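Open the model in your viewer and keep the selection box ready. The tour goes from one salt bridge to a pocket, then to the nonpolar cores and back to charged pairs.

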Amino acid sequence: MKKLSLYIFLVLIICSFANAGWFSKELYLNCFFTEESGNDYMRKNVYGRNVARQVMVDGFKNFREAGINTTALNIIGGPYETREQIFDTIQLNRELKANDKLVSIFQPFKGTALRDLCIKGGFISKDEDCIETTIEKSVLNMPQMSNLETLSLQEETLEWGQAENTPQL
């Protein structure tokens with residue numbers, strides 16, 4: 001019997017090895033997990049993802065051991081985020097050992113609470129339009145990090161997330 005190919009997006013909450021094993025037997029999967037940020041404060045308080053770091057590490061390990069390809073989905077350049085917090089994401093990517101990762105630059109889309117936070121923080125005007133893609137640049141004007149630095153850190157997150165010798169801040 002041929003396995004069905006499937007791409008699936010998951011939020012890691014509980015992923016036991018038994019669950020991962022079932023997936024690998026029944027389907028050919030590439031699972032995309034919404035890690036968002038490696039920084040606990042950003043992940044929980046800004047992005048509203050109350051998933052513990054160890055749960056993510058264990059979940060990726062379970063899928064890896066079951067032979068399932070994984071992709072970590074990251075967001076950098078969020079409101080109030082610092083260079084140091086982005087390095088937490090780089091470090092978590094190394095711990096997750098995902099087969100691949102996607103690093104998007106935060107965009108404050110209309111109708112979201114995070115857009116309201118960006119307007120209140122003075123990072124954008126209420127009339128600011130977001131770009132359609134999350135990989136090109138940031139529209140936020142934040143004092144702690146320039147748009148050029150955010151773009152540079154996006155590239156570094158992709159490169160250093162796999163490297164054994166991640167540069168220090």
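**Stop 1: a charged pair.** Select R49 and E36. They form a salt bridge, with 2.8 Å between the closest N and O atoms. Keep in mind that this is a predicted model. R49 sits in the loop between α2 and α3 (53-65), while E36 belongs to strand β2, so the salt bridge ties together parts 13 residues apart in sequence.

Now colour the two by accessibility. Which of the categories, buried or exposed, fits E36? E36 is buried, at a relative accessible area of 8%. The cut-off for buried is under 20%. R49 is partly exposed, with a relative accessible area of 31%.

**Stop 2: around E36.** Stay on E36, in strand β2. Show its contacts, leaving aside neighbours within four places in sequence. You should find Y47, R49, L73, N74 and I75. R49 is the salt-bridge partner from the previous stop.

**Stop 3: the largest pocket.** Keep E36 and add I75, F106, Q107 and F109. Of the lining residues of the largest pocket, these five lie nearest its centre. How many residues line the pocket? The lining has 17. The space in the pocket is about 290 Å³.

Next, select three strands: β2 (27-36), β3 (69-76) and β4 (100-105). Each supplies at least two residues of the pocket lining. Then colour the lining by class. Nine residues are nonpolar, six are polar and two are charged.

**Stop 4: F106.** Select F106, one of the residues nearest the pocket centre. Again leave out neighbours within four places in sequence. F106 is then in contact with Y47, I75, I76, G77, G78, P79, L114, C118 and L140. Y47 and I75 are also among the contacts of E36.

**Stop 5: the largest nonpolar core.** F106 leads straight here. Select Y47, I76, F106, C118, L140 and L153. Within this core of 19 residues, these six touch the most other members. Which elements each supply at least two residues of the core? They are α2 (40-46), β3, α4 (83-96) and β4. The largest share, three residues, comes from α4.

There is another core, lying apart from this one. Select F60, A66, A72 and A98 to locate it. They are among its 13 residues.

**Stop 6: pairs within helices.** Return to charge. Side chains of opposite charge can pair when their charged atoms come close. The salt bridges number six in this model.

Go to helix α2 and select R43 and D40. Their side chains meet in a salt bridge, at 2.5 Å from N to O. The two are three residues apart in the helix, which means a separation of about one helical turn. Which partner is buried? R43 is, at 1% relative accessibility. D40 is partly exposed, at 38%.

Finish on helix α3 with E65 and K61. These side chains also meet in a salt bridge, at 3.8 Å from N to O. The two residues are four apart, about one turn of the helix. K61 is partly exposed, with a relative accessible area of 39%.

**Last view.** Show E36 and F106 together. Both are among the residues nearest the centre of the largest pocket. From E36, follow the salt bridge to R49. From F106, step back into the largest nonpolar core.

Note on methods:
Residues are numbered from 1 along each chain as its sequence is written. This is a predicted model: local features need pLDDT of at least 70, side-chain atom pairs count only at pLDDT 80 or more; totals for chains, interfaces and linings use all residues. Side-chain values use heavy atoms; hydrogens and water are left out. On a 1 Å grid over the protein atoms alone, a cavity is a set of points where a 1.4 Å probe fits but cannot get out, and a pocket is an open set with protein on both sides within 12 Å along at least five of seven lines; lining residues have an atom within 4 Å of a point. Grid points are joined across faces, edges and corners, and a volume is the space filled by probe spheres set on the points. Ala, Val, Leu, Ile, Met, Phe, Trp, Tyr, Cys and Pro count as nonpolar, Asp, Glu, Lys and Arg as charged, and the others, Gly among them, as polar. A nonpolar core is a set of buried Ala, Val, Leu, Ile, Met, Phe, Trp, Tyr and Cys residues joined through side-chain atoms within 4.5 Å. Buried means under 20% relative accessible area, exposed over 50%, partly exposed in between (1.4 Å probe, protein chains only). Contact means heavy atoms within 4.5 Å. A salt bridge is a side-chain nitrogen of Lys or Arg within 4 Å of a carboxyl oxygen of Asp or Glu.
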